[in-house]
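Here are my notes from a pass through this one, in the order I'd walk a colleague through it. Have the viewer open while you read.

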Amino acid sequence: MVEYLKAAPASTVDAEHSRSVQRTVVDIIADIRERGDVAVREYSEKFDNWSPASFKLGPEQVDEIIAGVPSQVLADIRTVQDRVRAFAQHQRDSIRDFEVEPEPGVFLGQKNIPVGSAGAYIPGGRYPLVASAHMTVVTAKVAGVERVTACTPPIRGDIPAATVAALHLAGADEIFLLGGTQAVAALAIGTETIAKVDMLAGPGNAYVAEAKRQLFGEVGIDLFAGPTEVLIIADEHADPFVVAVDLLSQAEHGPDSPAVLITTSTSLGQQVIDQVDKLLVDMPTADFAGPAWRDHGEVAVVEDLGAAYRLADQYASEHVQILTENPREALERMSNYGALFLGEGTCVSYGDKVIGTNHTLPTRGAANYTGGLWVGKYLKTVTYQEVSNPAASAALGELCGRAARVESFEGHARSGDVRAHKFGGAELAWMG
């Protein structure tokens with residue numbers, strides 16, 4: 001039994017707007033395929049009012065930009081990147097190559113090979129997501145990606161200095177001041193001045209997300225991203241003020257960001273609603289957080305924590321915060337989430353900005369089937385086989401012949417037959 005003290009209104013997704021975004025992106029990608037850099041420049045002028053002599057920042061420009069970044073900001077960037085790098089290295093160390101010999105002379109192996117190149121898109125606009133530079137570039141470099149090309153847009157005609165510094169310190173090999181669909185398409189397709197990459201990573205607006213969707217297959221992508229989501233599970237021991245603050249911390253990402261509370265306490269749920277209303281009065285980002293809470297905020301009351309975990313798994317939210325007496329219980333009881341944040345001492349904002357885990361996570365129910373960006377996304381797990389024992393090859397050849405003919409694959413069967421004949425003396429009946 002679920003009682004909603006606050007339910008989100010029926011979906012207000014603008015289907016026509018979605019179709020318009022799709023059509024616009026189709027046209028831009030097609031134009032860049034045909035006209036390359038000329039088209040990229042025109043779209044940069046149109047959408048960002050930005051048309052420098054070169055979109056690419058040279059080493060001297062990068063040094064000059066970094067010199068203007070406050071020393072404390074640079075120190076903080078280095079600290080956070082050290083944490084991201086350390087966690088990513090633990091992930092990389094957990095992935096191993098191996099070779100086994102299941103029978104004499106038959107060798108089966110696995111190798112993990114980094115993609116050759118990756119494009120990192122770092123959004124600008126109202127919120128320049130400096131932390132996305134850490135998440136995309138540092139992780140790629142730990143995976144062993146040889147060339148990482150980063151794109152980030154100017155912000156109202158200004159260079160986002162802290163983002164450029166973060167990209168450089170993270171190890172980006174090339175940095176372009178270029179944004180939007182034109183940046184993503186240029187990275188995926190390649191132009192006269194922007195080399196094609198094998199994979200795209202990083203968040204962005206609806207146009208960037210649509211461009212990644214359309215280009216997927218031609219290049220790899222980290223995941224399909226939608227609006228930021230937060231879901232909090234709280235019992236009667238939780239502090240309603242903390243719950244309210246944490247819900248709004250994610251609602252400020254945009255007016256379409258869902259913020260959901262599942263609680264076992266009706267009293268706590270109502271207190272949280274009251275606290276959110278008070279906090280929104282003078283919150284600097286209320287123009288985003290307010291509509292997000294109004295249109296996508298929910299407060300659900302359930303009978304016990306078991307029901308709370310089950311309902312949360314149905315949401316499969318990007319961020320799931322556990323504010324209960326025994327938060328680690330969720331590790332055993334839940335399956336569908338992008339990332340878990342356990343206990344009052346932990347908040348989603350830590351994951352977004354400073355703690356070291358990756359903040360590029362699945363949204364819109366994708367946590368049902370995938371996790372977020374990690375070292376493994378930049379690796380190709382491949383296999384190899386070798387049969388050096390003639391007797392083993394002969395036996396496999398006979399088995400292959402039978403198995404392939406069940407499926408009417410005569411060519412496959414004959415490849416097996418040849419080895420059964422060459423290494424085991426079997427007759428080749430089909431030779432006549």
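1. Let's start at the N-terminal end of helix 12, which Asp 304 caps: one of its side-chain oxygens sits 3.2 Å from the backbone nitrogen of Gly 306. Bear in mind throughout that this is a predicted model. Helix 12 covers residues 305-315, and just after it Ala 316 adopts a positive phi of about 50 degrees.

2. Which residues of helix 12 are buried? The list runs Gly 306, Ala 307, Ala 308, Tyr 309, Leu 311, Ala 312 and Asp 313. Note that Asp 313 is on it, alongside Gly 306, the residue whose backbone nitrogen faces the Asp 304 cap. The cover over these buried residues includes four strands, namely strand 1 (3-6), strand 9 (230-234), strand 10 (259-263) and strand 11 (297-301), plus helix 13 (329-333).

3. On to the nonpolar cores. As a rule, nonpolar side chains in soluble globular proteins tend to be buried together. Here the largest core holds 68 residues, and Ile 32, Leu 167, Leu 200 and Tyr 378 have the most contacts inside it. There is also a second core, separate from that one, with 26 residues; Ala 238, Ala 244, Leu 247 and Met 283 are among them.

4. Tyr 378 is worth a click. What does it touch once neighbours within four places in sequence are set aside? Its contacts include Ile 113, Pro 114, Val 115 and Ala 118, then Thr 136, Thr 139, Ala 140 and Ala 143. Val 145, Met 199, Ala 201 and Leu 373 are on the list too.

5. Ile 113 turns up again in a sheet. Its bridge partner in strand 14 is Lys 380, and strand 3 (residues 106-114) pairs with strand 14 in the antiparallel sense over 9 bridges. The sheet itself is open, with 3 strands in the order 2-3-14 and antiparallel pairing. Strand 2 (98-103) and strand 14 (379-387) are the edge strands; each has a single partner, so one side of each lacks a neighbour in the sheet. From one strand to the next, the twist averages 20 degrees.

6. Now the charged pairs. Side chains of opposite charge can pair when their charged atoms come close. Searching the whole structure turns up 16 salt bridges. One of them joins Lys 141 and Asp 173, at 2.7 Å from N to O. This pair links distant parts of the chain, 32 residues apart: Lys 141 belongs to helix 5 (residues 130-143), while Asp 173 is in the loop between helix 6 (161-170) and strand 6 (174-177). Are the two ends buried or exposed? Neither label fits, because Lys 141 has 26% relative accessibility and counts as partly exposed, and Asp 173, at 41%, counts as partly exposed as well.

7. Last stop, helix 16 (residues 410-424), where Arg 414 and Glu 410 are 4 residues apart, about one turn of the helix. In an α-helix there are 3.6 residues a turn, so residues three or four places apart point the same way. Arg 414 and Glu 410 form a salt bridge, with their closest N and O atoms 3.1 Å apart. Shared partners join Arg 405, Glu 410, Arg 414 and Asp 417 into one network of salt bridges. Within that network, Glu 410 also meets Arg 405, at 3.0 Å from N to O. Glu 410 is partly exposed at 32%, as are Arg 405 at 35% and Arg 414 at 34%.

Notes: Residues numbered from 1 in each chain as written. Predicted model: local features only at pLDDT ≥ 70, side-chain atom pairs only at ≥ 80, totals over all residues. Heavy atoms only, no water. Salt bridge = Lys/Arg side-chain N within 4 Å of Asp/Glu carboxyl O. Helix = DSSP H or I, 4+ residues; strand = E, 2+ residues; numbered from the N terminus. Buried < 20%, exposed > 50% of the residue type's maximum accessible area, 1.4 Å probe, protein only. Pairing = 2+ DSSP bridges. Axes fitted to C-alpha atoms, helices over the stretch in contact; angles between N-to-C directions. Core = buried A, V, L, I, M, F, W, Y, C linked by side-chain atoms within 4.5 Å. Contact = heavy atoms within 4.5 Å. Polar contact = N/O pair within 3.5 Å; in protein donor to acceptor, adjacent residues only side chain to side chain.
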